[in-house]
Amino acid sequence: MSLLKSREAILALAIIGLLALIASRFPGFVAPANLASAFTDSSPLILLALGQMAVILTKCIDLSVAANLALCGMVAALMNGAGIPLPLILIAVIALGAALGAFNGILVWTLGIPSIVVTLGTMTIYRGVIFLLTGGAWINAHQMSPAFKAFPRMVIAGLPVMAWIAVVIIAAVALLMMRTPLGRAFYAVGGNPHAAVYTGISVGRTQFAAFVLAGALAGLTGYLWVARYAVAYVDIAGGFELDVVAACVIGGIAIAGGAGTVAGCVMGALFLGIIKNALPVVGISPFWQMAISGAAILIAIAFNAQSQRAPGRIILKQAEHRT
């Protein structure tokens, strides 16, 4: 029973059940090469969800991550067109993404504006900047250098570089959350901000750091997305921020802050990624993905609410029994 109370265990069983169901109709989907491809396809969602996790843990939310991705991806494509070497492009987009995240964090920290309002505004601003940079023009594959497009697709030990980057970031974020004062501060600020202040933790500074982390990961993902799909335009990854939040919620990251794990976050992203990859394969309309994702979110929220209410009901029943 204790195993079934673990969100990670339930998600793992759900993913296994989903794969078994898909394999019953299309056995080739569970071939190792196809599973590796599904993981690679899910890598952008995993990277953004890990950054979003840090933000949500601190009782905030970042709805601008997809717009950040799009702007950084466009800047990467423009820099490539100007002949700038790839290592400098990578450094630039990560720094730009972090700066965009820092802008969100500064507004939330210094002005006290709710994060959902701030990031709704910056989401529109970042998309608008892309239009100002390009005049609405697209940058297509023939305008990108071979090396720029090849790096995320380069295969090492059976996996593309994009997948290996996701693996490294997963490990790094897990280490950050479990072994560093900043990681513990994320949980403390979200769990009980008043108690965190008494222990010497700055709530605003911690939230600022979470937004910077989310922005840096969005910047990196912007390059990976544009290079892999070999196209950059204003509306790239439109609406993807909703998938990112969904992955976190399904993975057990409490919207109220202070609770969640890296493992749950990654499995939530994989769950959505498998659905996205599997539905066309088994002949189901991709539009069902939205319905299935929405149902999964509602189930996850209901599960969270049930878990949080259970102790209260037990105490109430005990009190009623005493009277």
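This passage describes the overall build of a predicted model and then turns to a few of its helices.

The fold of the chain comprises 13 helices and two strands. With a radius of gyration of 21 Å, close to the 20 Å that the globule rule gives for 323 residues, the chain is as compact as a globular protein of that length. The C-alpha trace spans about 75 × 55 × 35 Å along its principal axes. Contacts that reach far along the sequence are well represented: among those between residues at least 6 apart, 77% join residues at least 24 apart.

Burial and surface come next. Of the 323 residues, 49% count as buried. The chain exposes about 15000 Å², and 73% of this area is supplied by carbon and sulfur atoms. As for charge, the chain carries 16 positive and 7 negative charges, and the mean positions of the two sets are 8 Å apart.

It is helpful to set the model beside its database record. An unreviewed UniProt entry places the feature "transmembrane region" at residues 54–79, 86–110, 116–139, 151–177, 208–230, 242–275 and 287–305. Two of these annotated spans can be looked at in turn. Residues 86–110 are 100% helix and 0% strand, and the C-alpha atoms at the two ends of this span lie 35 Å apart. Residues 242–275, by comparison, are 68% helix and 0% strand, with end C-alpha atoms 15 Å apart.

Helix α11, which covers residues 240–250, deserves a closer look. Nine of its 11 residues are buried, so the helix is largely enclosed by the rest of the structure. The buried positions begin with Phe-240 and Glu-241; further along, Val-244, Val-245, Ala-246, Ala-247, Cys-248, Val-249 and Ile-250 are buried as well. Just after α11, Gly-252 adopts a positive phi of about 90°. Gly-252 also falls within the UniProt span 242–275.

A final example comes from helix α5, formed by residues 115–134, where Ile-125 is found. The relative accessibility of Ile-125 is 46%; because buried means under 20% and exposed means over 50%, this residue counts as partly exposed. Ile-125 also lies inside the annotated span 116–139 of the UniProt entry. Between Ile-125 and Gly-294 there are 27 Å in space, C-alpha to C-alpha, and the two are 169 residues apart in sequence. Gly-294, for its part, belongs to the annotated span 287–305.

Note on methods. Residues are numbered from 1 along each chain as its sequence is written. This is a predicted model: local features need pLDDT of at least 70, side-chain atom pairs count only at pLDDT 80 or more; totals for chains, interfaces and linings use all residues. Side-chain values use heavy atoms; hydrogens and water are left out. Helices (H or I, at least four residues) and strands (E, at least two) are DSSP runs, numbered from the N terminus. The radius of gyration is taken over C-alpha atoms; the globule rule is 2.2 Å times the number of residues to the power 0.38. Buried means under 20% relative accessible area, exposed over 50%, partly exposed in between (1.4 Å probe, protein chains only). Contact means heavy atoms within 4.5 Å. Accessible areas come from the Shrake-Rupley method with a 1.4 Å probe; for residues, only the protein chains shown count as cover. Lys and Arg count as positive and Asp and Glu as negative; His and the chain ends are not counted. The place of a charge is taken as NZ of Lys, CZ of Arg, CG of Asp or CD of Glu. UniProt positions are given in the numbering used here, feature names are shortened, and annotations may be inferred rather than shown by experiment.
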